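I opened this model to look up a few local features and to write down what I found for each. The notes follow the order in which I looked.

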Amino acid sequence: MRLGLCAALAVATLFVPASATAQPGPAVQAPPTTRYDQAALVDPDVALGANWRQSSDVLVTGLGDTEGFHLYVAKEKDAFAWTTLVTLNAGLTGVGAWTGNVCVTGSGRYAAVVFAPATFANKPKLVKGGAFAAVVDLQSSKVSPIAEPVQLAYFNPSCGPTDRVLLTRSTAVEQPKTDLITVDPAAGKAIGTRRIDAHLTNPVPAPDGDYGVVSGALSRVDPSGKLTTIAKPGGQPFAVQATGTGAIDLLTVQRPAEGAAERAVAYRYVNGKQTRLGDAPRTKLELFRLSGGRNILAGDISGINATGQNDLTLAGASKKVRAVSQQGHLLALEMLTDRAAQAPALLAGAKTPSPTTGTFRATVQATGTGRISTGTVGTERKPAADVPPSTGGGRTTSGMTTMGDNNTKPKCIVPRNDVKRQSRQPSANQVEWAVDLAVHGELKIQRPAGYLYPGSAAYVPQTLFKPVSGPQVPAQIMLAVLAQETNMYQASWHAVPGDTGNPLVSDYYGHRAWGGDVEVIDFDEADCGYGISQVTDGMVFGSSRWTAQQQNAIALDYAANIAAGLQILVAKYNEVRATNSWVNNDDPRYLENWYLAVWGYNSGIHAIGPGGYGVGFFNNPANPDYPANREPFLRGSLDDASHPSDWTYPEKIMGWAETPQWQWIDPFTKYASPDFGPDSGGLLALPSRYQFCGPVNNCDEDQPDPCPSWNELCYWHGTTSWLEANSELEFAKEQLSYLPGFPEPSVIRVYPTNCAPLSAAGAIIVDDLASTADNRLGCANQPWGGKFTMRTGSPTGIHWSEYAKIDLHQAGAGYLGHMWFSHAYDPDFRTGNTAAMLHRIVGTWTPNLPTVGGYDILVHLPSHGANVPAAEYIIKSDTIGTLESSCVIDQDASTLGEDRWVNLGRYLLKPGAHVQLSNMIDDGTFGEVDIAWDAVAFVPQQGTARACGTRYN
């Protein structure tokens, strides 16, 4: 189901379906589709030179959206027009936007990809070793999953001048140990893992062995994992690449002199000698690998001297470079969604952009001429060829994935797919209203009895979750936490604002402990983080922290969830303050002074024995797992949000506080910017990378890896300030859009609720709900003339049905405000693979027919949430199904955006007749398109019969 995600956070998917062939009868005609230039250079003869058609240069890069992580290629012979090669999502659905990194091997044949849901960047354990990896054959598009969970870091994966690939994984969040994994791309698998007793970053495979950075030094890693230091460039390295001739190029951030600005310094190591090549401003220089065993330095190259270095190329660029084509003819400078690109104009008061989805803007530069071009790319859904839903990382026994320990008893207290417990998806204006009132203790709206589910008692959010004693949280800090945690979503990622849906749960089925394997359910490993602020504590069976009413309110009501999340954030501030730790002048009115509280909100306040405490090194900005040349989050580009693991959690929160997040559906109700101090320059005052380094945590800013022990010795506590005393004019305060007492604003819906009943004489309607009383959008009750049943899994049974339910979702859309949907799977997607059948779902509509007769059968298609081009409805005219017909319908309404009834045709039906729809579709798909079960109407024949696929209304 398509999402209305924040433009700055993820690229939305465009899928232009082929016309479905209705049987029997014509297909529904879709309006003309939008065409995009795919970022092709409009003047390639000028920008690229006369011989561009004969070039073999290609750009390979990636970008994530809510469908998965897309791998793109752009060939110079096509004027560098972008196409989608494959989409990787590990078989997981409903996890929000994806993120990842790509590198291309020396031969140019393979791309190595590390990818994960963007929310993994909020979980220290998952950042260190929870991401997925795969190898993609760029010629055949075949994808080979790597059966190892890996680190989500800017330097992962790493390719070199050969076809060997290196991946990293940290073995513990607070331990200096690294697994270095070697991958053979041709074999499509990991061929060895070395345990290194050190904090290793920036690995690189070279012709004479493997290298990496340990404690700021360039080190060789021998086959056993032993380290040998070979060069000490100084500063904090952030890029390492090897050439085919055996040279190692390296970039490091250094401070030339006390008080001087940091610089990015380039070095080359070859034949036992380290040579300084020059420097540039800290954020203005990048290092990439080219084909032919060469490297390229891109950015501000005015201070770089590469004379005599035949395997090192220089390319000037005015912006930060994101990717480089294999021969260095094109630089990718920025990849932004259309709405993110338009954000500055919108904030200045421009009109709302049209609500198209599925595009991003690519800004590129031709290195030969310096010509900069911006084009619009439409992303296609490209299923990964020959890939099972499990991309590896699961626990294995004798090479076979094992079954979860608990696949029958859920751990998380509020269930999924309970029609009586649906969460309402708020729009951004409602979230800001709730936060503005909650931080002042005034979120006192009355929720009536039955608001959450039939029979629930009335309550007031901030009476149910009373404010805890402590400081007042600035509104923009709380809003930033919600933006980073869930993109301000309370319900499932599948539900757009105005819809209801399943509650948003971090990991209901316990996939992540098994590497995201959708063939495994282990409820014991579930992460029960619920809703917009991801409240986890007290949300499991057996917990006594919350009452049942409170647990349901956390899961279903965004206002109550915000009130509960606010309690947690204030408690973290109190915990930090109890350790006699604070920053600046310790005045909680100022946003900057919440830096430690949000640090603890993410990775906790650590106790290390009597008198020992502190915030861990994982979120310390000095940690070399984050690129030393990074700019403040979102300050350089809104593109930063597509690779959030490059920043610590506090940096991301300050970024979202400084640059408000907005949803494309209602950009004018984005939350307010802070009240910046008159001397602030309209920016937050942020700490330096070494602000939290000192004797108290054995952190030495003069060392490249300032705290290599990575244990309790690195936990920071105490006081520090990055503003001069009495410099409050540089601080930022909150700014409210809603004052206490302001009533709850109406939701800004993406699609209208369809409460209009079908007006067809004598119609017998069977909906997907047992009773219209179960719709949560206020539609009037209507009697049904039959029943709807749903069978899940294949073979059926308690265990198998649960696997299908993983990918079963409900949404407040369709007829009278409710439907079910899943994804379509080809049962023969992989020979001998039963994974598709585990996801089998069959819905059956059985009308209460009074007598044998002729009936026109109508199926209701929702305005959104369904886009399968060939949904086959099976019409069984009698009880035992001996008389069977079918009608294939294109469910896609993305180009229409409205509810509609479509004819399946006219049939002679007996009592017991029924209509069935399965998500098993023989078209090679594997979870890329949505299929919906909504209402079906059986209308006594009247007038002229309509053919299958024709619209009724």
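These entries cover one asparagine, one sheet and one pair of helices in what is a predicted model.

**Entry on N620.** I began by placing N620, and found it in the loop that runs between β35 (613–615) and α10 (649–658). I then asked whether N620 is buried or exposed. Its relative accessibility is 0%, and because buried means under 20%, N620 counts as buried. Looking for partners of its side chain, I noted that a polar atom there lies 3.1 Å from the backbone oxygen of F692. F692 is also among the residues that N620 touches once those up to four places away in sequence are set aside, the others being W599, Y626, T648, R689 and N697.

**Entry on the sheet.** I next traced an open sheet of five strands, whose order is β40-β43-β48-β45-β46 with antiparallel pairing. At its edges I found β40 (786–792) and β46 (884–889), each of which pairs on one side only. The twist from one strand to the next averages 20°. Within this sheet I checked β45 (residues 871–876) against β48 (residues 914–918), and four bridges join these antiparallel strands. K876 stands opposite H914 in β48.

**Entry on α4 and α8.** Last, I looked up how α4 (residues 428–438) meets α8 (residues 558–578): their axes come within 10 Å and cross at roughly 40°, and the two helices are therefore oblique to each other. The crossing of α4 past α8 is right-handed. On the α4 side the contact is made by Q430, V431, W433, A434, V435 and A438, and on the α8 side by Y558, A559, I562 and L566.

How values were computed. Residues numbered from 1 in each chain as written. Predicted model: local features only at pLDDT ≥ 70, side-chain atom pairs only at ≥ 80, totals over all residues. Heavy atoms only, no water. Buried < 20%, exposed > 50% of the residue type's maximum accessible area, 1.4 Å probe, protein only. Polar contact = N/O pair within 3.5 Å; in protein donor to acceptor, adjacent residues only side chain to side chain. Contact = heavy atoms within 4.5 Å. Pairing = 2+ DSSP bridges. Axes fitted to C-alpha atoms, helices over the stretch in contact; angles between N-to-C directions. Parallel < 35°, antiparallel > 145°, perpendicular 65-115°, else oblique. Left-handed = near helix turned anticlockwise from the far one by under 90°.
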